[in-house]
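Q: Please take a close look at how the two protein chains are arranged relative to each other, and at the surfaces they present to each other and to the DNA.

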Number of protein chains: 2
Amino acid sequence: MEMQQTDKRTAIMQAAMELIAEQGFHGTPTSQIAGRAGVGVGTIYRYFKDKDELIEAIHSQAHELFAATFTDTYDPHRPVRENYLAIFSALTRLFLARPCETRFMEQYYNSPYGIAKKRAEEVECDKPLFAFFEQGQQQQVIKALPFEVLMALSFGPLLFLVRDHLNGFVELDEPTIAAVVASTWAAVTR
Amino acid sequence: MEMQQTDKRTAIMQAAMELIAEQGFHGTPTSQIAGRAGVGVGTIYRYFKDKDELIEAIHSQAHELFAATFTDTYDPHRPVRENYLAIFSALTRLFLARPCETRFMEQYYNSPYGIAKKRAEEVECDKPLFAFFEQGQQQQVIKALPFEVLMALSFGPLLFLVRDHLNGFVELDEPTIAAVVASTWAAVTR
DNA sequence: TATAACGGACTGAACGTTCACTCCGCAGCG
DNA sequence: CGCTGCGGAGTGAACGTTCAGTCCGTTATA
């Protein structure tokens with residue numbers, strides 16, 4: 001039962017993601033990452049130039065996971081409202097199903113890493129969502145507010161609640177998710 | 001022109017708050033705090049047992065500032081809607097006027113400090129807001145959702161936008177604030 | 001008033017710890 | 001034997017914290 005070349009790389013990324021999600025970037029030494037991944041410290045540096053590159057790799061992987069949910073859920077043949085409810089429900093369910101990825105991303109975007117990253121690629125990464133909101137605006141359904149404001153009205157409450165849920169302050173079940181997404185829909189529509 | 005005893009304490013807290021707001025807890029060494037405050041490193045430890053106690057003191061001060069805005073703005077003789085719009089507009093304006101306090105608190109509540117703190121005193125600190133929402137629910141104006149959900153619907157978008165504003169991604173002017181608060185009002189009402 | 005002794009606020013070099021990262025020896029395989 | 005992938009003790013830097021000593025305002029003494 002041999003490990004493939006990429007298995008150690010994957011194990012390192014998984015271990016780092018879990019630990020960073022729990023303890024933050026500065027709370028998780030490389031030694032601990034190596035320990036959970038079942039590899040030596042030096043092995044980390046065979047696959048990643050430094051800790052920053054490891055973190056970027058994890059971010060990139062998590063980002064793809066989240067982006068895929070959008071493209072999987074979005075259906076151009078449905079009305080805007082149905083798409084909205086489906087997309088944000090699906091995203092919330094994904095946040096809850098993948099707590100490590102979610103908490104990692106929270107850590108990431110609340111750090112110098114994330115701010116620089118966002119500045120660099122915001123244009124790219126949010127393009128599909130931007131187009132979706134624009135479509136709703138052209139149909140006079142969604143308010144004529146700046147894109148960032150619509151993002152805030154949609155994601156703000158969900159991320160707030162997901163964080164509370166993962167910290168054990170709220171039980172975020174399926175009916176509650178539906179109620180929240182319906183409420184944010186009321187916030188972004190005329 | 002001598003410094004009072006408490007002036008150095010205040011200078012240390014101010015310097016630490018500014019630096020932590022910019023660089024995070026682990027990005028700001030005590031040496032840097034002392035440098036900006038214009039005191040020796042050791043002086044910090046005359047006023048605070050350790051770095052944690054310094055952070056708690058800053059949090060406590062900022063918390064009082066924010067709590068005061070609620071009590072100053074809330075007027076029991078106004079309709080719920082007017083109170084809601086006034087309170088959350090005022091809070092947002094305060095967030096923008098006090099970027100250091102705001103960013104410090106963001107850092108704080110995204111760290112082990114904040115989670116433990118919230119667990120300990122959530123009951124206490126949110127009491128006035130809880131009562132406010134309850135009043136609106138009894139008048140059949142505000143949705144019968146859990147308190148945490150109402151908090152998320154109200155604060156989520158605002159904090160999201162304030163963060164974007166402080167990072168330079170959005171210009172959050174007075175009309176935009178009004179539009180956002182009106183939108184979150186639409187989200188929390190029946 | 002002039003001078004000496006005191007007390008404690010203040011300082012920063014030094015300490016021990018912890019971290020990210022390196023380096024060299026080892027094991028498996030052809 | 002050479003080569004490749006790997007491990008973990010070791011390294012230097014940086015951190016939070018300490019503490020022996022300095023400085024200065026106040027008080028006691030003559």
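A: A turn of 180° with a shift of 0.0 Å along the axis lays chain A on chain B, with an RMSD of 0.1 Å; the superposition is by least squares on the C-alpha atoms of residues with pLDDT of at least 70 in both copies. This is the relation of a two-fold axis. In chain A, A:G156 has the C-alpha nearest the axis, at 2.0 Å from it. The model is a predicted one, in which local features need pLDDT of at least 70 and side-chain atom pairs count only at pLDDT 80 or more, while totals for chains, interfaces and linings use all residues. Residues are numbered from 1 along each chain as its sequence is written, and chains are lettered from A and ligands numbered from 1 in the order in which they are written.

Between the chains, 30 residues of chain A are in contact with 30 residues of chain B, contact meaning that the C-beta atoms, placed from the backbone, lie within 7 Å. On the side of chain A that touches chain B, α9 (147-166) and α10 (174-188) each supply at least two residues; helices here are DSSP runs of H or I with at least four residues, numbered from the N terminus. The most comes from α9(A), with eleven residues. By class, this side of chain A has 18 nonpolar, nine polar and three charged residues, where Ala, Val, Leu, Ile, Met, Phe, Trp, Tyr, Cys and Pro count as nonpolar, Asp, Glu, Lys and Arg as charged, and the others, Gly among them, as polar. Of the interface residues of chain A, 100% are also interface residues in chain B, so the copies meet through the same surface.

Both chains also contribute to the DNA surfaces. Around DNA strand C there are 15 residues, of which A:P29, A:D50, B:G40, B:G42 and B:T43 come nearest; a residue is near a strand if its C-beta atom, placed from the backbone, lies within 6 Å of it. Here α3 (41-47) of chain A and α3 (41-47) of chain B each supply at least two residues, and α3(B) has the largest share, four residues. The classes are six nonpolar, five polar and four charged.

Around DNA strand D there are 16 residues, and A:G40, A:G42, B:P29, B:G42 and B:D50 come nearest. Two or more residues each come from α3 of chain A and from α2 (30-37) and α3 of chain B. For this strand α3(A) gives the most, with four residues. The surface near DNA strand D has six nonpolar, six polar and four charged residues.

Note on methods: Two residues are in contact if their C-beta atoms, placed from the backbone, lie within 7 Å.
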